[in-house]
Amino acid sequence: ERLDFKYSFPSNSRVIIRIFDLNGIFITSLVDKYYEDGGTVERFEDESDWDGHNHLGQIVSPGTYLIHMEASNFQTGKTTIDVAPIVVGANQ
């Protein structure tokens, strides 16, 4: 399985999306991109970036992880952060 997600952001923003474990340890980065125009990006199945591997290409252990989304607007200097849980199960 792959993770499907979507995110929104204002114009002139840098969007960074990372995965962390519950101890705050970095697992991988999914997005680090500057967007000149604001909008919403939807990531589905084949386009999704996280397949349960860490930044070294190793499969992560089953458990709960956090997707950390950050959008920094270069015009206003405002940064918006959102965090949501992700549960990774084991294949049987």
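**Exercises: strand 2 and its surroundings**

R14 in strand 2 (residues 13–21) stands opposite Y34 in strand 3. Strands here are DSSP E runs of at least two residues, numbered from the N terminus. A quick note before we start: this is a predicted model, where local features need pLDDT of at least 70, side-chain atom pairs count only at pLDDT 80 or more, and totals for chains, interfaces and linings use all residues. Numbering starts from 1 along each chain as its sequence is written, and side-chain values use heavy atoms, with hydrogens and water left out.

**Exercise 1.** Work out how strand 2 is joined to strand 3.

*Solution.*
- Step 1: use the pairing rule, which asks for at least two DSSP bridges between two strands.
- Step 2: count the bridges; strand 2 and strand 3 (residues 26–35) have eight, and they run antiparallel.
- Step 3: pick out a bridge; R18 has S29 as its partner in strand 3.
- Step 4: look at the connection, a hairpin with four residues between the strands. G24 sits in that turn with a positive phi of about 85°.

**Exercise 2.** Place strand 2 in its sheet.

*Solution.*
- Step 1: check strand 5 (residues 63–73), which pairs with strand 2 in the antiparallel sense over nine bridges. Across this pair, I16 stands opposite E70.
- Step 2: write down the order; four strands make an open sheet, 3-2-5-6, with antiparallel pairing.
- Step 3: find the edges. Strand 3 and strand 6 (79–88) each have a single partner strand, so one side of each lacks a neighbour in the sheet.
- Step 4: add the twist; neighbouring strands are turned by 15° against each other on average, direction ignored. (Axes are lines fitted to C-alpha atoms, for helices over the stretch in contact, and angles between N-to-C directions run from 0 to 180 degrees.)
- Step 5: check the cover; seven of the nine residues in strand 2 are buried, meaning under 20% relative accessible area with a 1.4 Å probe, protein chains only.

**Exercise 3.** Describe two loop asparagines, N12 and N54.

*Solution.*
- Step 1: locate N12 in the loop between strand 1 (5–9) and strand 2. Its phi is near 55°, a positive value in a residue other than glycine, and N12 is buried at 17% relative accessible area.
- Step 2: locate N54 in the loop between strand 4 (39–43) and strand 5. N54 is buried too, at 18%.
- Step 3: list the contacts (heavy atoms within 4.5 Å). Leaving aside neighbours within four places in sequence, N54 touches I27, T28 and V60.
- Step 4: follow the N54 side chain, which reaches the backbone nitrogen of L56 at 2.8 Å.

Key:
Buried means under 20% relative accessible area, exposed over 50%, partly exposed in between (1.4 Å probe, protein chains only). A polar contact is a pair of N or O atoms within 3.5 Å; within protein, one must be able to donate a hydrogen and the other to accept it, and residues adjacent in sequence count only if both atoms are side-chain atoms.
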